[in-house]
Amino acid sequence: METIRRTKVVDLLKRRDFGAMVNVKGWVRTRRGSKQVNFIALNDGSTINNVQIVVDLANFSDELVKLVTTGACLSVNGELVESLGSGQACEIQAREIEVLGTCDNTYPLQKKGHTMEFLREIAHLRPRTNTFGAVFRIRHNMAIAIHRFFHEHGFFYFHTPLITASDCEGAGQMFQVTTLNLYDLKKDENGSIIYDDDFFGKQASLTVSGQLEGELAATALGAIYTFGPTFRAENSNTPRHLAEFWMVEPEVAFADLHDLMDLEEEFIKYCVQWALDNCRDDLEFLNKMVDKGLIERLQKVVETEFVRLPYTEGIKILEDAIAGGHKFEFPVYWGCDLASEHERYLVEQHFQKPVIMTDYPKEIKAFYMKQNADGKTVQGTDVLFPQIGEIIGGSVREENYDKLMTRITELNIPMKDMWWYLDTRKYGTCPHAGFGLGFERLLLFVTGMANIRDVIPFPRTPHNADF
């Protein structure tokens with residue numbers, strides 16, 4: 001084949017220099033036609049759109065044409081011409097075709113509908129489908145948006161450890177990291193494992209959050225964010241849970257509750273607007289094939305001012321709904337931890353816009369949240385979204401050493417390995433706040449996908465680590 005510099009499909013479809021000789025490389029999505037002419041839809045992953053290759057069969061051997069099957073990888077030299085058909089402005093009249101990789105007839109991604117469950121079983125191939133190509137291009141763009149937002153707002157990207165040696169006793173939801181021989185564990189007289197010979201000399205686990213280390217950084221750099229994988233060994237098979245997922249966790253010194261809510265709202269609107277501005281083709285495909293109301297819902301979030309709702313008022317709204325005949329599966333009372341159905345009722349039916357709920361009972365929130373003057377509630381914030389429920393969880397952190405220690409004692413939290421965290425409250429403590437956003441939860445909202453396993457390339461769930 002003549003050497004011509006490759007053009008990506010996303011760039012080629014914008015060109016109008018008809019008559020130019022071009023080269024494209026990609027995978028065959030479909031091939032159709034007659035005995036004289038074939039039409040190949042070629043895709044290289046750079047866009048949801050295919051480029052049409054027009055093949056005059058008189059110019060190519062039967063042996064070559066037989067190799068051009070769905071899934072085969074081709075390099076095509078040809079003339080860029082104006083398309084006569086609808087749907088695309090240009091196409092390629094093939095002059096030379098090289099089959100870079102054949103694809104046998106057991107290829108599972110043929111031109112028909114496949115269930116999401118089936119595609120999870122072939123996660124190594126599903127990125128080649130239109131749906132998952134769109135999802136993973138959007139995933140990339142959301143990562144770019146996150147870094148751009150924080151960079152533009154003066155935050156520093158801070159890398160917190162994936163392995164933590166903080167006391168893990170009783171934490172059944174953490175994955176343990178060890179170099180010990182599990183078939184020959186040394187134990188003391190009480191039956192407890194001796195970790196002296198382990199790599200770190202103590203029990204270590206994969207992190208469930210970078211927040212605590214992030215707080216340390218905020219007391220030095222002012223405003224930081226973490227963005228990386230986190231791990232929870234929760235035996236949950238719901239459409240909203242993964243064992244390995246990515247978290248975005250900013251921490252800001254000198255921020256109060258209102259600063260925090262402003263940051264949460266501005267951040268998430270920025271990300272959604274980025275998707276609308278930079279992922280239009282993929283969103284339009286998903287809007288058509290996955291969720292007919294997707295783009296309208298994204299635009300509404302960007303244009304809407306979020307409701308700021310104290311927990312106590314939210315409970316009253318839910319109780320009034322029950323009194324009016326609405327039925328919930330889970331009970332509603334002051335002090336309950338709201339279920340997804342409660343959150344979605346507030347967002348989708350009562351307010352019909354995103355809600356930032358604040359001032360939760362301290363009994364249902366973490367030890368590090370700042371207590372309000374009433375002694376009953378804490379300055380926690382949950383951002384609740386349509387179809388998702390909670391998408392962000394945050395709080396003002398308790399900066400007072402004595403109050404923090406009192407809460408730790410009340411909850412019997414083992415803190416012997418957390419001296420470094422408590423030091424920040426002794427050495428120049430400051431008011432600070434932060435939040436955590438589950439990256440895959442954001443992607444569920446932005447893509448319209450129904451299951452969190454379908455917005456991460458290789459989902460890790462109970463009994464599932466094949467790829």
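Lys316 is partly exposed in this predicted model, with a relative accessible area of 48%, and the side chain of Lys316 forms a salt bridge with Asp320 in which the closest N and O atoms are 3.1 Å apart. Asp320 is likewise partly exposed, at a relative accessible area of 44%, and the two residues, being 4 residues apart in helix α9 (residues 311-323), are separated by about one helical turn. The points below place this pair beside other salt bridges, a helix packing and a buried glutamate, and end with the chain as a whole.

**Salt bridges**

- The count of salt bridges in the model comes to 22, and the pairs described here include one within a helix as well as others that link distant parts of the chain.
- Arg6 and Asp44 meet through their side chains in a salt bridge with an N to O distance of 3.0 Å, and this pair links distant parts of the chain, since Arg6 lies in the segment before α1 (9-12) while Asp44 lies in the loop between β2 (37-43) and β3 (51-56), 38 residues apart.
- The two partners of that bridge fall into separate accessibility classes, for Arg6 has 39% relative accessibility and counts as partly exposed, whereas Asp44 has 11% and, because the cut-off for buried is under 20%, counts as buried.
- A further salt bridge joins Glu265 to Arg308, with 3.3 Å between the closest N and O atoms, and it connects helix α6 (residues 257-278), which holds Glu265, to strand β12 (residues 307-310), which holds Arg308, across 43 residues.
- In this second long-range pair, the acidic partner Glu265 counts as buried at 8% relative accessibility, while Arg308 is partly exposed with a relative accessible area of 33%.
- Which residues are joined with Glu265 and Arg308 into one network by salt bridges that share partners? They are Asp262 and Lys269, so that the network consists of Asp262, Glu265, Lys269 and Arg308.

**Packing of helices α4 and α13**

- Helix α4 (residues 130-152) packs with helix α13 (residues 439-447) at an angle of about 120°, their axes lying 10 Å apart, and this angle makes α4 oblique to α13.
- The crossing of these two helices is right-handed.
- On the α4 side the contact is made by Val135, Ile138, Arg139, Met142, Ala143 and Ile146, and on the α13 side by Phe439, Glu440, Leu442, Leu443, Val446 and Thr447.
- By residue class, the contact of α4 with α13 divides into 9 nonpolar, 1 polar and 2 charged residues.

**A buried glutamate in helix α5**

- Glu215 is found in helix α5 (residues 211-221), where it counts as buried, with a relative accessibility of 1%.
- Which residues are in contact with Glu215 once its neighbours within four places in sequence are left aside? The contacts of Glu215 are then with Glu251, Arg397, Tyr421, Arg425 and His432.

**The chain as a whole**

- The secondary structure of the protein comes to 13 helices and 16 strands, and the C-alpha trace spans about 85 × 60 × 45 Å along its principal axes.
- Of the 467 residues in the protein, 50% are buried.
- Among contacts in the protein with a separation of 6 or more, 66% are accounted for by residues 24 or more positions apart.

Terms used:
Residues are numbered from 1 along each chain as its sequence is written. This is a predicted model: local features need pLDDT of at least 70, side-chain atom pairs count only at pLDDT 80 or more; totals for chains, interfaces and linings use all residues. Side-chain values use heavy atoms; hydrogens and water are left out. A salt bridge is a side-chain nitrogen of Lys or Arg within 4 Å of a carboxyl oxygen of Asp or Glu. Buried means under 20% relative accessible area, exposed over 50%, partly exposed in between (1.4 Å probe, protein chains only). Axes are lines fitted to C-alpha atoms, for helices over the stretch in contact, and angles run from 0 to 180 degrees between N-to-C directions. Angles under 35 degrees count as roughly parallel, over 145 as roughly antiparallel, 65 to 115 as roughly perpendicular and the rest as oblique. A crossing is left-handed if the near helix is turned anticlockwise from the far one by less than a right angle, and right-handed if clockwise. Contact means heavy atoms within 4.5 Å. Ala, Val, Leu, Ile, Met, Phe, Trp, Tyr, Cys and Pro count as nonpolar, Asp, Glu, Lys and Arg as charged, and the others, Gly among them, as polar.
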